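Biologist: I have the structure open beside the sequence. Could we go through a few local features together?
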Amino acid sequence: MANNIDDAQAELDSVEAELEVVELQISELLEKQTKLNSRKNKLLKILEGACSSAQPSGSSKAPKPSFSKQDLQHYEESDFSWSKEVQAKLCSVFQLSKFRPLQQAAINLSMSGKDLFLVMPTGRGKSLCYQLPALCSKGFTLVIAPLVSLMEDQLMYLKSINVSAVTLNASSTKEDSKQILAGMIDKNSPFKLLYVTPEKIAKSKLLMSKLEKAYNMGLLARIAVDEVHCCSQWGHDFRPDYKLLGILKRQFPNVPLVGLTATATSNVLKDCQKILCVQEPITLTAPFNRPNLYYEVRFKDNEDCTDQIAALIRGRYKNQSGIVYVFSQKDAEVVATDLQKRDILAQPYHANMEPSDKSLVHQRWSSKKIQVVVATVAFGMGIDKADVRFVIHHTISKSIENYYQESGRAGRDDGPADCIVFFGFMDIFRISTMVVMENTGQQKLQNMVAYCQNVDRCRRAMMAIHFDEVWNDEECNQMCDVCRHGNDYITMDITQHARDVVEIVEMAASMDEKLTPLKVCEAWMGKGPAKRRKMIKVTSLSRLEVESIIIHLLLHGYFSEDFSFTPYTTYFYLKLGRKASLLKNGGHSITMKMRRRVVSHATVKKVSESAGEKSSAKVEGKRPADSDNKKSVAKKDGQAVDTQEEAETALIDVSNIERHNKTKIYKNHQNIEKRLAQNHIESLASEASEYVKPTSVFEVDVEVNLVQEQNCACEEEKGLKNAPEQQSSSPKRRRKQPPTQNCAANANQVKADLVSTPSEVSIISAAAVEELHHLRSYYSKQLRRINYISQEHLQSSQPGMLTCMREPFKSLRFPSRTTIARGARNLWTRVSMRRKLIQ
Ligand SMILES: Nc1ncnc2c1ncn2[C@@H]1O[C@H](COP(=O)(O)OP(=O)(O)OP(=O)(O)O)[C@@H](O)[C@H]1O
């Protein structure tokens, strides 16, 4: 017995020692992170100063930091030998009066013979950056484009402005090909632009030999690689044939290359640089932000999603052009028919249609004969309609990059436009099985799902992460639903719900059964077979809540995907994730944030109960818009109006307008604001008259581990305890209170408050408080040890001889290469960082 106790004690000591080492390593990393962040911010400031409207090469995106502010300024000027001609052709040929940001620099760089990567949001005018130089150079420019339809659109446009351009592709006739190949080595240059697909470069030896001849004759002026991100398999649209394009720079090293893309991250660009064999390209990156686009996410109810979309098109977007993106060809047909039944001029567009039918739809839409194209992603690259006022995603995109690109087809004329995505539970798994073979498909999809689940971060901030850009939320100007709705959410503890639903999957696994997400939902809601129902703790949460919790658990590793393949299809099952076992630990908890733009009493009550929330009335009371909404709902209900989900549309808009009117925040966007408000009012009139029903809209986010606290420092807990009046989760608003005697009681109270009033305290700060306690107690323990050892040692050795102290300090169990001073400093850094979080 005594031996056992000794062993346990010894093991406990060793575990504690290891834990201390881990703590110190964490603190070292945190210190390093702080330093790197501060260095990063300094560098970003330097670069920001370097060019206000762009981040040239040398930003975090650029492969090589060699392009300075002065360089950029130099290339922004118009005193090059070609400048007059460039300016003249901009006006006379392209009918444009001035350049957009970065266009002139890109053109001058390309004309100077530099290799260039141009990253510019979709619709900002990348094509001009190689088309205009083509007209001002001897010979022709070779343009590699991924799609024949894209080339044809470009050719149509160039023809309309009398620029001679040709294409060589699989459908070119023999006669045409012959003429074009001959034209390539004709000194009189019968065409200025030659469009080819990457496949053509890879497969046609004849083309390569002509290119070589043209190169030797000095007629190959420039190579433009459109959608250059297709080179990289990390890009969102990888095309294997793009990988072979390195041959161009290897064979024609003196020909300047320009790679164009709207969506390449720094890693993708580095990859492209390698693949294309470009030595030192200059990267010009226009900010990803499109200030005229309003981003919004709506929860999707499959049954009436089309009704909602129709209500928007007939109301807010009456007589305006737009695109509805759908998941599949079948969806395109079905949704288009459904919209037609609702008197909307809509037509489908997908890859399986005859080319002539596709161009007919495109043409009819461009000339406003139809209002909406209901399309798969096949309707994409090269779509250049300026006045697209809305892009609605009936299904989420497979990645944020895809979403940015697709939604970016709105508002190319710089006028206000809306990008709305309908976020549906089942869609996640449909897409997941579709991207199962893609390298980073699941991760990218998860990021997209996280974008939709997000409740408290600016949507643009979430996009910025993907473009390696630093984002300041204020620049959003409330042009996304999160910024516009502010802190309209509550935080709730879902630990028990998580345990319940994880148990269902665990139980199924123990019976050798696999459950799809749908089956998990149904089982949890008590809809499965009676036998199973008996074994399950059925939830009283709504369907939306159930789905959100499952998504949350999937995103955070409590569940993971388990694919099963048949010759015909791929199935998605849920299995326990790497973090599922944490739920067995009594101290582990998970919280999530829910948006409550429109909340019925029942839902408030239910959420309050499940979250242990103290005062739902208080939450409601803080939102006059909500109570007004409820009134209007009640009134409409009284009039027996059709109560469908579309009420959300109408009611969200009511709240938008109220906020809108109260806070005049758009400084630079007053016109946009006016139009939007006008549209919202119009849409309200039409939407609200048709559909009114209150519904809870809710999203999930943060999680935290509540560690069992032994020692406590009173002030922090008190600070936390006194926070509940604050509805916002902002840590800054919390006030500190004087310390009290009963620390243990306070600590318990803190935890109780954390759980019972999740909407009123910041969970992040709560975690910080708890961690601070640990750190402080650990810190003082270490200090006490240091004091003790030094005193003991100094008594028996000569004072002042620091070298003698090394020996005894070894027992302090710092990690190797960590000095006491550094260890203490690290700890202190952590303590202060946590403090900052709390204050
Ligand atoms: N300087 C300019 N001033 C006004 N309009 C411009 C200017 N440059 C280009 N545009 C217009 O912007 C629109 C989009 O141009 P373009 O197709 O080149 O965009 P893009 O960046 O290539 O888009 P995508 O990524 O979708 O291919 C075109 O209608 C074009 O005429």
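Biologist: What phi does Lys 368 take, just after helix 14?
Modeller: In this predicted model, Lys 368 has a positive phi of about 65 degrees.

Biologist: And helix 14 itself, how many residues has it?
Modeller: Helix 14 spans residues 355-366, twelve residues. From its first C-alpha to its last it reaches 16 Å, close to the 16 Å expected at 1.5 Å a residue.

Biologist: Which residues of helix 14 are buried?
Modeller: The buried residues are Lys 358, Val 361, His 362 and Trp 365. They lie on the same side of helix 14, because the arc they cover around the axis is only 95 degrees.

Biologist: What covers the buried residues of helix 14?
Modeller: The cover includes helix 6 (148-160) and four strands: strand 10 (321-325), strand 11 (346-349), strand 12 (372-375) and strand 13 (388-393).

Biologist: How do strand 11 and strand 12 run, parallel or antiparallel?
Modeller: Strand 11 and strand 12 are parallel and joined by four bridges. Pro 348 stands opposite Val 374 in strand 12. Together with helix 14, the two strands make a right-handed β-α-β unit.

Biologist: Changing topic: in the largest nonpolar core, which residues touch the most other members?
Modeller: Ile 396 and Tyr 451 do, in a core of 85 residues. Leaving out residues up to four places away in sequence, Ile 396 touches Val 421, Phe 422, Phe 423, Ile 428, Ile 431, Leu 445, Met 448, Val 449 and Cys 452.

Biologist: How many residues are in the other core, which lies apart from it?
Modeller: That core has 43 residues, including Val 86, Leu 150, Met 151 and Leu 260.

Technical notes:
Residues numbered from 1 in each chain as written. Predicted model: local features only at pLDDT ≥ 70, side-chain atom pairs only at ≥ 80, totals over all residues. Heavy atoms only, no water. Expected span 1.5 Å × (residues − 1). Buried < 20%, exposed > 50% of the residue type's maximum accessible area, 1.4 Å probe, protein only. Arc of directions from axis to C-beta. Contact = heavy atoms within 4.5 Å. Pairing = 2+ DSSP bridges. Right-handed = clockwise from strand over helix to strand, strands pointing away. Core = buried A, V, L, I, M, F, W, Y, C linked by side-chain atoms within 4.5 Å.
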